[in-house]
Amino acid sequence: MRFDVITLFPAQFAALTEEGVVARALQRQLAQIHLHTPRDYTTDVHRTVDDRPYGGGPGMVMRYTPLRLAIEAAQAEAAAEGVQSRVAYLSPQGERLDQRQIERISAAPGWVLVAGRYEGVDERLIEDCVDEEWSIGDYVLSGGELAAMVVMDAAIRLLPGVLGHADSARQDSHSSGLLDCPHYTRPETIGDRSVPEVLLSGDHQAIERWRLQQALGRTRQRRPDLLQGRGISEVEQRLLDDYLLEAAR
Ligand SMILES: CN1CCN(C(=O)c2nonc2N)CC1
């Protein structure tokens, strides 16, 4: 899988490409991240990439041509490797991403991600060059770079071979449509709190059942909306009923 990012601040992506799960995936060539700055596609001496908004108002808007040329160059590089990349723009006006969307993004051969700055990009760039518009949440960032990194991290970690244990991705919060269960590690006792006995039992079936029950219970208590969309089996309903009875004691 290949990501090409259009950004005025390529150095910010060191947070993803220099250490951690994604950096290791890149080193192992399980994924690629290429960075392109619109500044390289300007023709004026000042390398202008933004300008004042028509109609007045605060801030600046990113200009059409340097962005379009950068996108086309990125797509051409990807195509030279046989990758047909669609274009996504990160913005609060985009479709809110969830784990299902990340799975879809992760399954594609490649994406060009446009990380805007300032007040955003000229609307005609979105009309002419952008296939999808994505939001990572209903809040305003100082730029699209962090949003692009969030998407790339969430998508790359799902690729085969990236995570140490194949189950890790499947057991994550939201991958099963549920929130994650609690996790514990040494020491066994901290103050007056010990690790739940079942986790020390070595009974893997009981442990798996406990973890599912905890995930169901936490989802019902914290994000009941997720259960609405997911549905629940008879076995899960019984586990959930027992959880809620226990919680009510
Ligand atoms: C122009 N720039 C404004 C700030 N921005 C975001 O707040 C954002 N991006 O993706 N989800 C978000 N929320 C990125 C684009």
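**Notebook: the ligand and its surroundings**

I began with the ligand and found 18 residues surrounding it, the closest being Leu90, Ile136, Gly137, Tyr139 and Leu141. I note here that the model is a predicted one.

Next I sorted the shell around the ligand by residue type, which gave 10 nonpolar residues, seven polar ones and one charged. I then looked up where these residues sit: β5 (86-96) and β7 each supply at least two residues of the shell, and β5 gives the most, with four residues.

I turned to the polar contacts with the ligand, taking the backbone atoms in order of residue number. A backbone N or O atom of glycine 137 lies 3.1 Å from a nitrogen atom of the ligand, and a polar backbone atom of tyrosine 139 is 2.8 Å from a nitrogen atom of the ligand. For leucine 141, I found a polar backbone atom 2.8 Å from an oxygen atom of the ligand. I also looked up how much of the ligand is covered: of the 360 Å² of accessible area that the ligand has on its own, the protein covers 96%.

I stayed with leucine 141, which is placed in the loop between β7 (132-135) and α6 (145-156). Is leucine 141 buried, partly exposed or exposed? I entered leucine 141 as partly exposed, because its relative accessibility is 34%, and the partly exposed class runs between the limits of 20% and 50%.

Last, I checked the surface and found that Leu141, together with Tyr139 and Leu146, makes a nonpolar patch of about 280 Å². Tyr139 and Leu141 of this patch are also among the closest residues to the ligand.

Technical notes
Residues numbered from 1 in each chain as written. Predicted model: local features only at pLDDT ≥ 70, side-chain atom pairs only at ≥ 80, totals over all residues. Heavy atoms only, no water. Patch = residues over 30% accessible without salt bridge, like charges linked within 9 Å, V, L, I, M, F, W, Y side chains within 5 Å. Areas by Shrake-Rupley, 256 points an atom, 1.4 Å probe, with all protein chains shown as cover. Salt bridge = Lys/Arg side-chain N within 4 Å of Asp/Glu carboxyl O. Buried < 20%, exposed > 50% of the residue type's maximum accessible area, 1.4 Å probe, protein only. Near = heavy atom within 4 Å. Polar contact = N/O pair within 3.5 Å; in protein donor to acceptor, adjacent residues only side chain to side chain. Nonpolar A, V, L, I, M, F, W, Y, C, P; charged D, E, K, R; others polar.
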